[in-house]
Amino acid sequence: MPVYDVWRRHGRGVYRCARSAVRYEGDWVHGLRQGHGVIEFSGSACEPGGCVASYDGNWQHNRKNGRGRFQYASGNVYDGDWLDDVKHGHGRMHWRALHEVYVGNWHNGQPHGQVRRCLHCTHDRHHTQQLLSS
């Protein structure tokens with residue numbers, strides 16, 4: 001084992017960035033996020049106690065890969081498949097301020113193919129419409 005490998009993170013642990021408000025708790029392999037983990041980002045322009053973005057899911061070579069849930073500081077949430085840090089595969093995106101939900105396939109971060117769209121979603125009723133994207 002090379003000497004520099006002694007200092008690499010390996011196994012399960014918590015990392016807090018000294019220069020920014022980033023915290024990661026999860027699995028590491030040879031210094032890279034790999035396996036399951038949760039990362040949280042807090043912005044300097046955030047309200048106290050709020051405005052935290054987070055990702056809870058699978059990692060491969062320091063990138064979001066596989067299944068995961070990203071909650072944006074705005075309150076928007078994507079829950080679905082990821083490939084190399086990009087929404088890719090099947091997933092559900094909820095835009096909180098717009099009261100819209102998209103459920104379906106994603107390709108390179110964009111809705112792709114048949115998508116179920118819920119406009120002005122509420123707990124008691126859903127208006128849905130089928131869309132066809134290229």
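Two strands are said to pair if DSSP finds at least two bridges between them, and I begin with that definition because the first residues I want to show you face each other in such a pair. Please keep in mind throughout that what we have in front of us is a predicted model.

Let us start, then, with strands β6 and β7, which pair in the antiparallel sense over six bridges. Within this pairing, Val77 stands opposite His94 in β7, and if you follow the two strands to their turn, you find a hairpin with two residues between them. One residue in that turn, Asp84, has a positive phi of about 50°.

Strand β7, which covers residues 86-95, is also joined to β8, and here seven bridges hold the antiparallel arrangement. Two partners are worth finding on the screen: Met93 has Tyr102 in β8 as its bridge partner, while Trp95 is matched with Glu100. This second hairpin has four residues between its strands, and among them His99 takes a positive phi near 55°. As for β8 itself, which spans residues 100-107, six of its eight residues are buried, and the strand is therefore mostly covered.

Since positive phi values have now come up twice, let me pause on them. Most residues other than glycine have a negative phi. With that in mind, look at His30, which is not a glycine and yet has a positive phi of about 50°. His30 is found in the loop between β2 and β3, and it counts as partly exposed because its relative accessibility is 45%. Then look at His61, in the loop between β4 and β5, where phi is again positive, at about 55°, although this residue is not a glycine either.

I turn now to the aromatic residues. How many aromatic pairs does a search of the whole structure find? The search finds 11. In one of them, the rings of Tyr24 and Trp59 have their centres 5.8 Å apart and their planes at 90°, which is why we call the pair edge-to-face. This pair links distant parts of the chain, with Tyr24 in strand β2 and Trp59 in strand β4, 35 residues apart. Tyr24 has a relative accessibility of 1% and therefore counts as buried, and Trp59 is buried too, with a relative accessible area of 6%.

A further pair is formed by Phe70 and Trp82, and this one is tilted, with 6.3 Å from centre to centre and 50° between the planes. Here too the pair links distant parts of the chain, since Phe70 lies in strand β5 and Trp82 in strand β6, 12 residues apart. Phe70 and Trp82 are both buried. If you step back, you can see that the four rings I have named belong to one aromatic cluster, which also includes Tyr15, Trp28, Tyr55 and Trp106.

Tyr55 deserves some time of its own. It is placed in strand β4, and with a relative accessibility of 0% it counts as buried. Although Tyr55 and Glu40 are 15 residues apart along the chain, their C-alpha atoms are separated by 6.6 Å. Beyond its sequence neighbours up to four places away, Tyr55 touches a number of residues, including Val38, Ile39, Phe70 and Trp82.

Another residue that Tyr55 touches is Lys64, and the charged end of Lys64 sits over the ring of Tyr55, 5.6 Å from its centre. Is Lys64, which is found in strand β5, buried or exposed? Lys64 counts as buried, because its relative accessibility is 12% and the cut-off for buried is under 20%. Its contacts outside the neighbours within four places in sequence include Trp59, Asp84 and Asp85. A comparable placement is seen elsewhere, where Arg9 lies over the face of Trp28, at 5.0 Å from the ring centre.

Finally, I would like to show you Arg33, in strand β3. Arg33 is buried yet has no salt bridge, and the nearest side chain of opposite charge, that of Asp85, is 6.3 Å away. Why does that not count as a salt bridge? The reason is that a salt bridge needs the side-chain nitrogen within 4 Å of a carboxyl oxygen, and Asp85 is 6.3 Å away. Leaving aside neighbours within four places in sequence, Arg33 is in contact with Tyr24, Trp28 and Trp59, among others, and these three residues are all members of the aromatic cluster I described earlier.

Definitions and conventions
Residues are numbered from 1 along each chain as its sequence is written. This is a predicted model: local features need pLDDT of at least 70, side-chain atom pairs count only at pLDDT 80 or more; totals for chains, interfaces and linings use all residues. Side-chain values use heavy atoms; hydrogens and water are left out. Buried means under 20% relative accessible area, exposed over 50%, partly exposed in between (1.4 Å probe, protein chains only). Contact means heavy atoms within 4.5 Å. Lys and Arg count as positive and Asp and Glu as negative; His and the chain ends are not counted. Rings of Phe, Tyr and Trp (its six-membered ring) pair if their centres lie within 6.5 Å; planes under 30 degrees apart count as stacked, over 60 as edge-to-face and the rest as tilted. A charge sits over a ring if NZ of Lys or CZ of Arg is within 6 Å of the ring centre and within 35 degrees of the ring normal.
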